[in-house]
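Biologist: I'd like to learn how to read a model like this one. Could you walk me through it, feature by feature?

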Amino acid sequence: MLFSPVRELIRVCREQEVDQVFVDGAHAIGSVRVDVKEIGADFYVSHLYKWFFSPPSVASLYCKKSNPVTCITLWFRKIRESIEGGIEGIMRRNHDGVVKMGTMLAETWGTILGSPLEMCTSLIVVGLPSKLYELLQW
């Protein structure tokens, strides 16, 4: 699976004596495996609505305990426990669903997928049919 090298970027920040690092994980949680403690950021925020199918205003905010800033942390242990298979189950269902849909579209349109299936998380690239290109010509 490919995703941005957050851990490496934080290491570089620390080498440059950056005191606090805030990571905007946007839609990562539920799409790729995220271990906020392993990443090493002081703060990590991620939306939950996309892959957890929650209201758009739901997000998570992680703050290192050693950080002097007071934070309200929404930890999703209860969410993980209440969903079959937890975060791994969500990621597996998202991956399997997008592979099924992408494969169906590529076969129907007579096109190809843009990457190997194991590289797809919760998104997939499907080639568009050449007929569409012809229709869009001015």
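**Reading the model, starting with a helix**

Modeller: Sure, and let's begin with burial along helix 5, where the buried residues are Gly-86, Ile-87, Gly-89, Ile-90, Met-91, Asn-94, Val-98, Val-99, Gly-102 and Ala-106. Keep in mind that this is a predicted model.

Biologist: How many residues does helix 5 have, and how far does it reach?

Modeller: Helix 5 has 24 residues, and from its first C-alpha to its last it reaches 35 Å. At 1.5 Å a residue you'd expect 34 Å, so the span is close to that. Just past its end, look at Gly-110, which takes a positive phi of about 70°.

Biologist: Now the inside. Which residues have the most contacts within the largest nonpolar core?

Modeller: The general idea first: in soluble globular proteins, nonpolar side chains tend to be buried together. Here, the largest nonpolar core has 17 residues, and Ile-10, Val-23, Ile-29, Ala-41, Tyr-44 and Phe-52 have the most contacts inside it. Helix 2, helix 3 (49-52) and helix 5 each supply at least two residues of that core. The largest share, three residues, comes from helix 5.

Biologist: Pick one of those for me. What does Val-23 touch, leaving out residues up to four places away in sequence?

Modeller: With that filter, Val-23 touches Val-6, Ile-10, Ala-41, Phe-43, Tyr-44 and Val-45. Tyr-44 in strand 2 is also the bridge partner of Val-23.

Biologist: That brings us to strands. Do strand 1 and strand 2 run parallel or antiparallel?

Modeller: Strand 1 and strand 2 run parallel, joined by three bridges. On to the next pairing: strand 2 and strand 3 (residues 59-63) are antiparallel, over five bridges. Tyr-44 turns up here as well, standing opposite Tyr-62 in strand 3.

Biologist: Why is strand 2 described as largely enclosed by the rest of the structure?

Modeller: Count its buried residues: four of the five residues of strand 2 are buried, so the strand is largely enclosed by the rest of the structure.

Biologist: Let's talk charges. How many salt bridges does a search of the whole structure find?

Modeller: The idea is that side chains of opposite charge can pair when their charged atoms come close. Searching the whole structure gives five salt bridges. One of them joins the side chains of Arg-7 and Glu-38, with 2.3 Å from N to O. Arg-7 sits in helix 1 (residues 6-15) and Glu-38 in helix 2 (residues 36-39), so this pair ties together parts that are 31 residues apart in sequence. Arg-7 is partly exposed at 48% relative accessibility, and Glu-38 is partly exposed at 45%.

Biologist: Which residue forms a salt bridge with Arg-14?

Modeller: That would be Asp-42, with the closest N and O atoms 2.9 Å apart. Arg-14 lies in helix 1 and Asp-42 in the loop between helix 2 and strand 2 (43-47), so parts that are 28 residues apart in sequence are tied together. Check the burial of the two ends: Arg-14 is partly exposed, with a relative accessible area of 29%, whereas Asp-42 is buried at 7%.

Biologist: And where in the chain are Arg-33 and Glu-88?

Modeller: The side chains of Arg-33 and Glu-88 meet in a salt bridge at 2.4 Å, N to O. The pair links distant parts of the chain, 55 residues apart: Arg-33 is in the loop between strand 1 (22-24) and helix 2, and Glu-88 is in helix 5 (residues 86-109). Arg-33 counts as exposed at 56% relative accessibility, while Glu-88 is partly exposed at 36%. There's also a network of salt bridges linking Glu-8, Arg-11 and Glu-15.

Biologist: What about Gly-40: where is its place?

Modeller: Gly-40 is in the loop between helix 2 and strand 2. It's buried, with a relative accessible area of 16%. Setting aside residues up to four places away in sequence, Gly-40 touches Ile-10, Arg-14 and Lys-64. Compare sequence and space too: Gly-40 and Arg-11 are 29 residues apart in sequence, and their C-alpha atoms are 8.2 Å apart.

Biologist: Last one. How many disulfides does a search of the whole structure find?

Modeller: The search finds zero disulfides. As for individual cysteines, Cys-13 is partly exposed, with a relative accessible area of 26%, and Cys-120 is buried at 4%.

Key. Residues numbered from 1 in each chain as written. Predicted model: local features only at pLDDT ≥ 70, side-chain atom pairs only at ≥ 80, totals over all residues. Heavy atoms only, no water. Salt bridge = Lys/Arg side-chain N within 4 Å of Asp/Glu carboxyl O. Buried < 20%, exposed > 50% of the residue type's maximum accessible area, 1.4 Å probe, protein only. Contact = heavy atoms within 4.5 Å. Core = buried A, V, L, I, M, F, W, Y, C linked by side-chain atoms within 4.5 Å. Disulfide = S-S within 2.5 Å. Pairing = 2+ DSSP bridges.
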